[in-house]
Amino acid sequence: MKIVVLTGAGMSVESGLSTFRGGGGLWDNYPVEQVATPEGFAANPSLVLEFYNKRRKELQGKKPNKGHELLASLEKEHEVIVVTQNVDDLHERAGSTNIIHLHGELMKACSSRNPNDLRQVRTLPSHSAEIIIGDKADDGSQLRPYIVWFGEAVPLMDDAVLALRNVDVFVIIGTSLNVYPAAGLLNYVPAKVPVFLIDPNDVEVRGVRGVTVIRKGASDGVEELIEKYLKHL
Ligand code: OAD
């Protein structure tokens, strides 16, 4: 079977990372327009670099959870494409091999003049995974986090839509479906394809029929998806 999975911040909650929205979410503590927009970066680059340096340091102390691992193990029997809004590398570390990072990758840096020039994207060394003022990209501009900020294009959205070609099962895990275009991916799923949604809280799914909701956290939810549903499809 071909399985496409769309994941969000809730996927990594059981690894100890925060979500963005809801009580205690990251955007409660950091104004999104300051740390996650090109205007915020132009106004105060040190603040923005510091925010992501902190996120990177935090991530390095975390591990994939059982949900990530179960998704990776599905590759033994199925073709699996993970389309993630997460900038962490927990899917990779769990062993998933086919991942589309719609919103960028925390462990990478890019040019601030040409953020989508892939030739200038580099992986930060894990022993010094910081970007500081004065670190330069190949084009001489300040290095910035390889993150898609609000107001910027989402270049990998086309790849995510293409990933849906011949999909047999579509799974949504741990996303509030508030942020577009990622949330709109669901609308490209052909009508006959079963859709599963794993989330311990209510998520409003607009305009889509017949979603099977598994109201659990990512680890228990993926386990139930496999045992109760995928094995019988
Ligand atoms: P949100 O913070 O909006 O939503 C997180 C979802 O995870 C909610 O629906 C929670 O109910 C759910 N959740 C909480 N605990 C969970 C658990 N243990 N298992 C599974 N789900 C759980 O995060 P996203 O939808 O990912 O973008 O946010 C989308 C984008 O908005 C992010 O990629 C980020 C943010 O601004 C950028 O930074 C560009």
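In this predicted model, 23 residues surround the ligand, and those that come nearest are Arg21, Thr175, Ser176, Asp199 and Asn201. By residue class, the shell around the ligand divides into ten nonpolar residues, ten polar residues and three charged ones.

Several side chains place polar atoms at short distances from oxygen atoms of the ligand. Thr175, which belongs to the nearest group, has a side-chain N or O atom 2.7 Å from a ligand oxygen, and a polar atom in the side chain of Asn201, also listed among the nearest residues, lies 2.7 Å from an oxygen atom of the ligand. For His103, the corresponding distance between a side-chain N or O atom and an oxygen atom of the ligand is 2.8 Å. Taken on its own, the ligand has 800 Å² of accessible area, of which the protein covers 92%.

Attention then turns to a sheet in the same model. Three strands form an open sheet in the order β5-β4-β6, and their pairing is antiparallel. The strands β5 (122-123) and β6 (143-147) each pair on one side only and are therefore the edge strands. Strand β4, which spans residues 104-111, pairs with β5 in the antiparallel sense over two bridges, and Lys108 stands opposite Thr123 in β5. In general, the strands of a sheet pair through backbone hydrogen bonds, in either a parallel or an antiparallel manner.

Helix α4, formed by residues 45-60, packs on this sheet and touches both β4 and β6. The direction of helix α4 makes an angle of about 140° with that of β4.

Methods:
Residues numbered from 1 in each chain as written. Predicted model: local features only at pLDDT ≥ 70, side-chain atom pairs only at ≥ 80, totals over all residues. Heavy atoms only, no water. Near = heavy atom within 4 Å. Polar contact = N/O pair within 3.5 Å; in protein donor to acceptor, adjacent residues only side chain to side chain. Areas by Shrake-Rupley, 256 points an atom, 1.4 Å probe, with all protein chains shown as cover. Nonpolar A, V, L, I, M, F, W, Y, C, P; charged D, E, K, R; others polar. Helix = DSSP H or I, 4+ residues; strand = E, 2+ residues; numbered from the N terminus. Contact = heavy atoms within 4.5 Å. Axes fitted to C-alpha atoms, helices over the stretch in contact; angles between N-to-C directions.
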